[in-house]
Amino acid sequence: MVEATDFRSAMSLLSGAVNVVTTTGASGHHGFTASAVCSVTDTPPTLLVCMNRAARSHTHFIENKILTVNVLGAHHQHISSVFSSKLSSAERFEYGNWTELKTGAPVLDDALVSFDCQIEQTQEVGTHTIFICHIVAIQQSQHDQGLVYFNRAYHHVGQAEIA
């Protein structure tokens, strides 16, 4: 049997895009930093998001049935840190400029790309919930350098922007 610590150590060597996943509803705006986001299919446009069930905002995502995946650019490392911190949900949204698309879930104005989604299905696996999400709107920016997490550290990928 593979130990959890060995698995986490091995997974740290799998590069992952850094995302801030958001929702909104009667209880306000909520969000968390995630690297467990993946395309499922393009027909219909669908992605999946994994979230720890112990996360304080987990019930809000379940109740709201909407979310936006905001893919962070190299210039957003501070936003990633804020959304993985102990700050309250309201305090987290004081960082960055936020707007909305079709569902009303918060969209980071200058994210590389934002996928606005309806949560179609959920599946509990171990400590996490997998959200299967139908994409209803997309917003892209002009930034071309992404933020990834690899070997327990942030790195930049893509073309460096010329000032």
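1. A good place to enter this structure is the register of one strand pair, where Val-148 stands opposite His-155 in strand E12. E11 (residues 145-150) and E12 (residues 153-158) pair in the antiparallel sense over six bridges, where strands are DSSP runs (E, at least two residues) numbered from the N terminus, as are helices (H or I, at least four residues), and two strands pair if DSSP finds at least two bridges between them. The two strands form a hairpin with two residues between them, and Asn-151 in the turn has a positive phi of about 55°.

2. Before going further, the basis of these remarks should be stated. The model is predicted, so that local features need pLDDT of at least 70 and side-chain atom pairs count only at pLDDT 80 or more, while totals for chains, interfaces and linings use all residues. Residues are numbered from 1 along each chain as its sequence is written, and side-chain values use heavy atoms, with hydrogens and water left out.

3. The hairpin belongs to an open sheet of three strands with the order E1-E11-E12 and antiparallel pairing. E1 and E12 stand at its edges with a single partner strand each, so one side of each is left without a neighbour in the sheet. Strand E1 (residues 16-17) is joined to E11 over two bridges in the antiparallel sense, and Ala-17 stands opposite Val-148 in E11. Val-148 therefore appears in both pairings, facing Ala-17 and also His-155, as fits a sheet in which E11 lies between E1 and E12 in the order.

4. A second open sheet has seven strands in the order E3-E2-E6-E9-E10-E5-E4, again with antiparallel pairing. Its edges are strand E3 (28-34) and strand E4 (37-42), each of which has a single partner strand, so one side of each is left without a neighbour in the sheet. Neighbouring strands of this sheet are turned by 30° against each other on average, with direction ignored; the axes behind this angle are lines fitted to C-alpha atoms, for helices over the stretch in contact, and angles run from 0 to 180 degrees between N-to-C directions. Within the sheet, six bridges join strand E6 (residues 66-71) to strand E9 (residues 113-125), which run antiparallel, and Ile-66 stands opposite Gln-118 in E9.

5. Ser-141 deserves attention, being found in the loop between strand E10 (128-140) and E11. Its relative accessible area is 19%, so Ser-141 is buried (under 20%, with exposed over 50% and partly exposed in between, for a 1.4 Å probe and protein chains only). Its side chain reaches the backbone oxygen of Ala-111 at 3.0 Å and the backbone nitrogen of His-143 at 3.2 Å. If residues up to four places away in sequence are not counted, Ser-141 touches Asp-110, Ala-111 and Leu-112, contact being heavy atoms within 4.5 Å.

6. How many aromatic pairs does the rule give? The count comes to six, where rings of Phe, Tyr and Trp (its six-membered ring) pair if their centres lie within 6.5 Å, and planes under 30 degrees apart count as stacked, over 60 as edge-to-face and the rest as tilted. The rings of Phe-83 and Trp-98 have centres 5.6 Å apart and planes at 55°, so this pair is tilted. The pair links distant parts of the chain, with Phe-83 in helix H3 (residues 77-83) and Trp-98 in strand E7 (residues 98-100), 15 residues apart. Phe-83 counts as buried at 1% relative accessibility, whereas Trp-98 is partly exposed at 21%.

7. The rings of Tyr-149 and Tyr-154 have their centres 5.3 Å apart and their planes at 70°, so the pair is edge-to-face. Both residues are partly exposed, Tyr-149 with a relative accessible area of 35% and Tyr-154 with one of 25%. Ring pairs also link Phe-32, Phe-61 and Phe-131 into a cluster.

8. A final point concerns the cysteines. The count of disulfides comes to zero, a disulfide being a pair of cysteine sulfur atoms within 2.5 Å. Cys-38 is in no disulfide, and the nearest cysteine sulfur, that of Cys-50, is 8.5 Å away. Seen from Cys-50, the closest cysteine sulfur is likewise in Cys-38, too far for a bond. Cys-38 counts as partly exposed at 41% relative accessibility, and Cys-50 is partly exposed with a relative accessible area of 22%.

Note on methods:
A polar contact is a pair of N or O atoms within 3.5 Å; within protein, one must be able to donate a hydrogen and the other to accept it, and residues adjacent in sequence count only if both atoms are side-chain atoms.
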